[in-house]
Amino acid sequence: MSDKIKFVGVSYGRGAAKYPIIDGCEKGPEVIPVLYPDYEFFNIKPYWDFEPDKTITLNQRLEENLKIQNLIYDYVSKIDKNDKYILIGGDHSVNLADFKAIADKYPDDDVALIYIDAHLDIHSPKSSELEASCAPHGMNVRHLLGDKDSYSGFLNIGKNKAPLKSYNLFYLASRSYEPSEKKFVDDNYIYMKSSDDLSSIGKADNIISEVKQKLNGKKFVLSFDLDCLDTKFMPSVQVPEQNGISLNVAEHLLNNLISDNMVGFEFVEFAPKFDDENKTGLKNFNLLIDLVLKLWK
């Protein structure tokens, strides 16, 4: 057991777009040893080679992504549950195996997920193929819920096919999604607040109170996709969306949501090559990591 928070990187970003690119958000973890040289850092990397110019089918994408999920699950499962770490992606598909590994450490608890992201990531493979990009990072939440239309390989990771319950899922800053995703959220009465709902500190306070009341002391994982932020604060993401939340609101959310009940934290989809000349994204990413390190004692 260690008193100092660790960093676990996942250098995998091929789940992030319709056509996988090179030097995208898989480069995100590489900034950690530079920013935090005194912290323990382990980076999970694919052991297989990619063919960047090759178009791959949906099934091939799922099979490839399953490999990295198994690497994440195996590594995180070995971390003592009392040892805190921040997972650094990589694309948001890394949340799947990370959440499963954490939930398996608390078999008697009903672990919740606070998902701060521009996107819902709640497609089934079929709906993604019909409406979106077939990108695995748009499916991870659906698979955590154990939905019948999920990819069996993802369901079979870990001990529990459905570690997340719909009433334990909290979407914040959502603003980009397809019709079938919104229908699934509505049909399952999943909590969802848009970036417009978080346009001020006052509005954020109301939502924070609601989330805390619904959590009612449960353990939770907080998953923070940097594209939740408006692009003027975070240009360095692979799938940017306009009209995101402000940096002040993001800090306010972290200040008021992080607590002793938080059992996991993820930052995902930082893509250094898309940063501006002032390194705005890197500076703000550093600021947010510093805040988590300060708060999560």
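# A guided tour of aromatic pairs and a helix contact

Begin by selecting Phe224, Phe265, Phe267, Phe270 and Phe285, which form one aromatic cluster. The model on display is a predicted one. Across the whole structure, a search finds 14 aromatic pairs, and this tour visits some of them.

**First stop: a pair between two loops.** Select tyrosine 12 and phenylalanine 50. Their ring centres lie 6.4 Å apart and their planes stand at 55°, so this pair is tilted. Tyrosine 12 belongs to the loop between β1 (6–10) and α1 (32–35), while phenylalanine 50 belongs to the loop between β2 (41–44) and α2. The pair therefore links distant parts of the chain, 38 residues apart. Now display the surface around each residue. Tyrosine 12 has a relative accessibility of 1% and so counts as buried. Phenylalanine 50, at 27%, counts as partly exposed, because buried requires under 20% and exposed over 50%.

**Second stop: a pair within the cluster.** Return to phenylalanine 270 and phenylalanine 285, two members of the aromatic cluster. Here the ring centres are 4.7 Å apart and the planes meet at 35°, so this pair is tilted. Phenylalanine 270 is located in the loop between β8 (262–268) and α10 (280–295), and phenylalanine 285 in helix α10, so the pair ties together parts that are 15 residues apart in sequence. Both phenylalanine 270 and phenylalanine 285 are buried.

**Third stop: helix α3.** Select residues 95–105, which make up helix α3. How many of its eleven residues are buried? The helix is mostly covered, with eleven of eleven residues buried. Among them are Asn95, Asp98, Phe99, Ile102 and Ala103.

**Fourth stop: the crossing of α2 and α3.** Add helix α2, residues 58–77, to the selection. The axes of α2 and α3 come within 8 Å and cross at roughly 30°. That angle makes α2 roughly parallel to α3, since angles under 35 degrees count as such. The crossing is right-handed.

To view the contact itself, show the side chains of Gln69, Ile72, Tyr73, Val76 and Ser77 in α2. These residues meet Leu96, Ala97, Asp98, Lys100, Ala101, Asp104 and Lys105 in α3. Colour the contact by residue type: six of its residues are nonpolar, two are polar and four are charged. The α3 residues in this contact, including Leu96 and Lys105, also appear among the buried residues of that helix.

How values were computed. Residues are numbered from 1 along each chain as its sequence is written. This is a predicted model: local features need pLDDT of at least 70, side-chain atom pairs count only at pLDDT 80 or more; totals for chains, interfaces and linings use all residues. Side-chain values use heavy atoms; hydrogens and water are left out. Buried means under 20% relative accessible area, exposed over 50%, partly exposed in between (1.4 Å probe, protein chains only). Helices (H or I, at least four residues) and strands (E, at least two) are DSSP runs, numbered from the N terminus. Axes are lines fitted to C-alpha atoms, for helices over the stretch in contact, and angles run from 0 to 180 degrees between N-to-C directions. Angles under 35 degrees count as roughly parallel, over 145 as roughly antiparallel, 65 to 115 as roughly perpendicular and the rest as oblique. A crossing is left-handed if the near helix is turned anticlockwise from the far one by less than a right angle, and right-handed if clockwise. Contact means heavy atoms within 4.5 Å. Ala, Val, Leu, Ile, Met, Phe, Trp, Tyr, Cys and Pro count as nonpolar, Asp, Glu, Lys and Arg as charged, and the others, Gly among them, as polar. Rings of Phe, Tyr and Trp (its six-membered ring) pair if their centres lie within 6.5 Å; planes under 30 degrees apart count as stacked, over 60 as edge-to-face and the rest as tilted.
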